[in-house]
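Biologist: Could you take me through this one? I will ask, and you reason from the model.

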Amino acid sequence: MIEVEDLQVFYGEGRDRFHAVRDVSFRVEKGETYGLVGESGSGKSSVLNAIAGRHSDWTGTVRLAGAEVDPRRRNPADRQKVQIVFQDPFGAIHPKHTIGGTIAEPLAINRRQNRGETVDALLRQVGLPGRFRYRYPHQISGGQRQRVSIARALALQSPILLLDEPTSALDVSVQAEILNLLQDLRRDQGLTYLMVTHDIGVVGHMCDRIGVMKDGRIVEELTKAQLVRGETAHPFTRELLSESLLG
Ligand SMILES: Nc1ncnc2c1ncn2[C@@H]1O[C@H](COP(=O)(O)OP(=O)(O)OP(=O)(O)O)[C@@H](O)[C@H]1O
């Protein structure tokens, strides 16, 4: 579902040009969850934003659901292949729009019919009552807001979700609920996930494989089984895992 080859991501121009991601290649199979982990500034979000079409200064090859996409997503069909769920559900939702309006926005932009029914179905899928469509973001909890972000990301039936630290801004008590919801959705709808996380607990709960990033490169790939057995070849990964476990 996701194939990335020799991805290079840049920021800035001229003398300020910064090469943030170097020679990154990986693939994610349909139905799989692939985690990108690594210290702050290692390039995880840059990879996600390039794949999402949110940052266009990159070279390399990105194939989504079998077809190559260009950095600017000139083909409108490419814009519906991936959706992104952000860390901070409050920042991602317009404070003056109702929940129903927020979820319906991508449907309206894409001129989809039967938007009311679709919003009801999406609320149900993320475990929120239908009456929530009339509420505003400040009237619901952080966990409920993240459910709304997920509902909106599901609206166009994109086969790939990019998850950028989807639970790190939430209370510990609701983190597992959101992770369980994401797992159920992945299973029921055959979705493929690429997620960025700092949290080794989230990796253990969600990821089939991880790519460990350092200084813009993937320095090691591990399956969940290798991770659980501590079979890491790279000293940096061992350090990262022990820090996460301690933290
Ligand atoms: N808009 C930008 N302009 C300039 N440099 C940027 C920009 N965004 C990111 N960078 C730089 O690119 C590098 C990778 O950043 P990125 O946000 O991808 O890392 P990350 O691993 O996701 O970090 P974090 O876990 O803190 O989000 C960093 O050195 C960062 O300073």
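Biologist: Which residue in S8 stands opposite Leu163?
Modeller: This is a predicted model, where local features need pLDDT of at least 70, side-chain atom pairs count only at pLDDT 80 or more, and totals for chains, interfaces and linings use all residues. Residues are numbered from 1 along each chain as its sequence is written. S7 and strand S8 (residues 192-196) pair in the parallel sense over 5 bridges; pairing takes at least two DSSP bridges between two strands. In S8, the residue opposite Leu163 is Met195.

Biologist: Which residue in S7 does Ile84 stand opposite?
Modeller: Strand S6 (residues 82-85) runs parallel to S7, and 4 bridges join them. Strands here are DSSP runs of E, at least two residues, and helices are runs of H or I, at least four, both numbered from the N terminus. The S7 residue opposite Ile84 is Leu162.

Biologist: How many residues of strand S7 are buried?
Modeller: Buried means 20 or more other C-beta atoms within 10 Å of a residue's own; exposed means 12 or fewer, partly exposed is in between, and C-beta atoms are placed from the backbone. Ile160, Leu162 and Asp164 point one way from S7, Leu161 and Leu163 the other, and all are buried. S7 (residues 160-164) is therefore largely enclosed by the rest of the structure, the buried count being 5 of the 5 residues.

Biologist: Where does the largest nonpolar core lie, and why?
Modeller: A nonpolar core is a set of buried Ala, Val, Leu, Ile, Met, Phe, Trp, Tyr and Cys residues joined through C-beta atoms within 7 Å. The largest has 63 residues, and Val47, Ile51, Ala151, Leu162 and Leu194 have the most contacts inside it. Helix H5 (residues 142-154) gives the largest share, 5 residues. Both domains, as set by an automatic or database assignment, give residues to this core, so it lies between domain 1 (2-81 + 159-246) and domain 2 (94-157).

Biologist: Is Ala151 buried or exposed?
Modeller: Ala151 sits in helix H5. Beyond four places in sequence, Ala151 touches Ile103, Leu122, Leu123, Gln125 and Val126, a contact being two C-beta atoms, placed from the backbone, within 7 Å. Because 24 other C-beta atoms lie within 10 Å, Ala151 is buried.

Biologist: Which element gives the most residues to the shell around the ligand?
Modeller: Shell residues have a C-beta atom, placed from the backbone, within 6 Å of the ligand. Strand S2 (18-28) and helix H1 (44-52) each supply at least two. The most, 3 residues, come from H1.

Biologist: How many residues of that shell are charged?
Modeller: Asp, Glu, Lys and Arg count as charged; Ala, Val, Leu, Ile, Met, Phe, Trp, Tyr, Cys and Pro as nonpolar; the others, Gly among them, as polar. The shell includes Tyr11, Phe18, Gly43, Lys44 and Ser45. There are 3 nonpolar and 8 polar residues, and the number charged is 1.

Biologist: Is Gly43 buried or exposed?
Modeller: Gly43 lies in the loop between strand S3 (33-38) and H1. Leaving aside neighbours within four places in sequence, its contacts are Val9, Ala20, Val21, Met213 and Gly216. With 24 other C-beta atoms within 10 Å, Gly43 is buried.

Biologist: And Gly66, buried or exposed?
Modeller: Gly66 is in the loop between strand S4 (58-64) and strand S5 (67-69). Gly66 and Met1 are 65 residues apart in sequence and 6.3 Å apart in space, C-alpha to C-alpha. With 8 C-beta neighbours inside 10 Å, Gly66 counts as exposed.
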